[in-house]
Amino acid sequence: MGMVTVGLPPFQALVDAHWRDVARLARALAGPVDGDDVAQRAWEKAFAAYPGLTSAKNLRSWLLTITARCATDVHRARRPQRPLDDAPPIAVDGPDAADWPDPDLWQAVNGLPERQRYAITLKYVGDLDHHGVAAALDTTPAASRRLVSDALATLRRTLGVTS
């Protein structure tokens with residue numbers, strides 16, 4: 001018996017529509033060097049899983065979840081990780097350098113605990129709502145809100161920002 005087709009667009013259309021988002025999130029989570037590898041792994045995993053999808057809803061969120069999980073795998077395999085703040089990241093064949101946060105902010109985000117760093121990056125770089133962040137981190141939307149809130153509070157303290 002064949003699979004039921006759900007009207008998925010051609011995979012290339014997915015790549016064309018979302019490659020910048022995947023590249024930006026991969027580099028934000030894994031750094032400018034490992035980011036390219038993370039993006040490549042995410043696309044490979046997405047390509048392998050794509051024919052088995054049962055819904056064409058939220059494909060961007062699905063891709064960014066895969067990207068976040070690939071970044072987690074790379075991060076855990078590379079511990080202890082050297083700081084990524086030696087120099088501001090330079091984008092090559094990917095997002096414009098203007099897409100990167102300023103060096104002080106990048107350093108502060110890099111210093112956050114892993115789950116807070118991933119939550120805030122998924123929320124603000126990946127532009128996911130709390131349901132999307134929760135799905136990527138395998139948690140609840142309430143826990144996602146808390147992770148983002150705690151990360152923002154830490155960043156405000158670290159950077160001396162008053163609200």
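Residues 87–98 call for some care: pLDDT stays under 50 across them, and the model has 18 contacts for this stretch beyond four places in sequence. Where pLDDT is low, the predicted coordinates should not be read in detail. This is a predicted model, with a mean pLDDT of 81 for the protein and 80% of its residues at 70 or more. Helix H6 is a good place to start reading, while a set of salt bridges and the contacts of Leu8 round out the picture.

**Confidence**

- In the protein, confidence is highest in H6, at a mean of 93.
- Confidence is lowest in H3, where the mean is 78.

**Helix H6**

- H6 takes in residues 141–159, and at 1.5 Å a residue its 19 residues should span 27 Å. The C-alpha atoms at its two ends are 27 Å apart, so expectation and model agree.
- Which residues of H6 are buried? They are Ser144, Leu147, Val148, Ala151 and Leu155.
- These buried residues cover an arc of only 95° around the axis, and therefore lie on the same side of H6.
- The spacing makes sense in general terms: an α-helix has 3.6 residues a turn, so residues three or four places apart point the same way.
- Helix H3 (103–110), helix H4 (114–124) and helix H5 (130–137) are among the elements that cover the buried residues of H6.
- On the face turned away from the buried side, H6 carries the exposed residues Ala142, Arg146 and Arg157.
- After H6 comes Gly160, which has a positive phi, near 70°.

**Salt bridges**

- Side chains of opposite charge can pair when their charged atoms come close. The count for this model comes to 4 salt bridges.
- Arg60 pairs with Asp21, their closest N and O atoms being 2.9 Å apart. This pair links distant parts of the chain, since Arg60 belongs to helix H2 (residues 59–77) and Asp21 to helix H1, 39 residues apart.
- Is Asp21 buried or exposed? Asp21 is buried, because its relative accessible area is 15%, under the 20% cut-off. Its partner Arg60 has 23% relative accessibility and so counts as partly exposed.
- Arg24 joins Asp21 and Arg60 in a network of salt bridges.
- Arg27 and Asp36 also meet through their side chains, at 2.5 Å from N to O. Arg27 is buried, with a relative accessible area of 3%, whereas Asp36 is partly exposed at 38%.
- Within H6, Arg146 forms a salt bridge with Asp150, and the closest N and O atoms are 3.0 Å apart. Because the two residues are 4 apart in the helix, about one helical turn separates Arg146 from Asp150.
- Arg146 counts as exposed at 55% relative accessibility, while Asp150, at 25%, counts as partly exposed.

**Leu8 and its contacts**

- Leu8 is found in the segment before helix H1 (11–49). With 25% relative accessibility, Leu8 counts as partly exposed.
- What does Leu8 contact, leaving aside its neighbours within four places in sequence? Its partners are Tyr50, Leu53, Ser55, Ala56 and Leu59.
- Thr54 is 46 residues from Leu8 along the chain, yet the C-alpha atoms of Leu8 and Thr54 are separated by 8.9 Å.

Technical notes:
Residues numbered from 1 in each chain as written. Heavy atoms only, no water. Expected span 1.5 Å × (residues − 1). Buried < 20%, exposed > 50% of the residue type's maximum accessible area, 1.4 Å probe, protein only. Arc of directions from axis to C-beta. Contact = heavy atoms within 4.5 Å. pLDDT = per-residue confidence, 0-100.
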